[in-house]
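Here are a few exercises to work through with the model open beside you. Try each task before you read its solution.

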Amino acid sequence: RDQPRSRGLGDVYKRQAQTNLLTESFETDGEGTRYVSNPFQVSCDFFLRDDNTFSCLTNNPTGLDGSYYWTGEDTDTGVDPTGILTLNPLVVTGFTLDIDVLLGLGRPNDFRFEPDDELLFQYNMDGGGWVTFAAFYGSNDGLPASTGNLVQDTDLNGAYNAGAPEINSSAMQNFNFTIPATGNSVQVRFIMGQDGGTEETIIDNIRINGTPALPIELTEFSVKKMEEDKVKINWQTASEEN
């Protein structure tokens, strides 16, 4: 095809509208029905669902979606070495995926998290095994600029990246991550791996979003300016569906 199609592209954008496929805000107890986890509490070491009534958090979070959230501290105290919460399988056929999630700390900017403390987000597409798509590690490594928050590992090499986004407040912050795979059924889980007291991590309002995959295979796409207020768009497809 070799013709201007501004109206057609508008139709394409409409088809590309994002859809919320799942939201988990922990407002009701979903253990065994919407997710599975390994909750525990040993004194002020814990991995559990809370609504600001639990007294062990140094600072209660603000900016929540509703009243409840999931939180953990010193999660290697439990039966398992880390705190893990896994969402139930979700049908995602025909979608590309991304995730929004609110993240916070109970004791930010206070040199709490070391490089061996981690917060991981993983997906399992069509039973292919768990793959990490987002990771944070503690920045309290002795360097002068460190505040000991959880800083994102943007290249997923097992260590935080200096200057990368960080979880640095008890006011919940929204983070967005892409799941770099497509398929029919996905599971998502998060892992809190903290090994010390007052290393307090908070998660709320997990939203899995889907964008319909464009049902064409493009082999060429170009835009050329023709006049001051006009452009010419050229494209060629290898296959089209509907």
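A pocket here is an open set of grid points with protein on both sides within 12 Å along at least five of seven lines. Keep in mind that the model is predicted.

**Exercise 1.** Find out what kind of residues line the second largest pocket.

*Solution.* Start with the volume: about 180 Å³ for the second largest pocket. Next, pick out the lining, which includes Ser 139, Asp 141, Leu 143, Tyr 160, Asn 161 and Glu 166. Finally, sort the lining by type: you get 5 nonpolar, 5 polar and 2 charged residues.

**Exercise 2.** Work out which strand gives the most to the largest nonpolar core.

*Solution.* This core has 36 residues, and Leu 103, Phe 121 and Phe 190 are among those with the most contacts inside it. Several strands give two or more residues to the core, including S8 (95-105), S9 (118-125) and S15 (200-212). The top contributor is S8, with 6 residues. Now zoom in on Leu 103: beyond its neighbours within four places in sequence, its contacts include Leu 119, Phe 136, Met 172 and Ile 202. A second, separate core of 10 residues has Met 172 and Ile 202 among its members, along with Phe 54 and Cys 56.

**Exercise 3.** Decide whether Ser 43 is buried or exposed.

*Solution.* First, locate Ser 43 in the loop between S3 (40-42) and S4 (45-50). Its phi is positive, about 55°, though Ser 43 is no glycine. Most residues other than glycine have a negative phi. Exposed means over 50% relative accessible area, so Ser 43, at 60%, counts as exposed.

Notes: Residues numbered from 1 in each chain as written. Predicted model: local features only at pLDDT ≥ 70, side-chain atom pairs only at ≥ 80, totals over all residues. Heavy atoms only, no water. 1 Å grid on protein atoms, 1.4 Å probe; cavity = no way out; pocket = protein on both sides within 12 Å on 5 of 7 lines; lining within 4 Å. Points joined across faces, edges and corners; volume = space filled by probe spheres on them. Nonpolar A, V, L, I, M, F, W, Y, C, P; charged D, E, K, R; others polar. Core = buried A, V, L, I, M, F, W, Y, C linked by side-chain atoms within 4.5 Å. Buried < 20%, exposed > 50% of the residue type's maximum accessible area, 1.4 Å probe, protein only. Helix = DSSP H or I, 4+ residues; strand = E, 2+ residues; numbered from the N terminus. Contact = heavy atoms within 4.5 Å.
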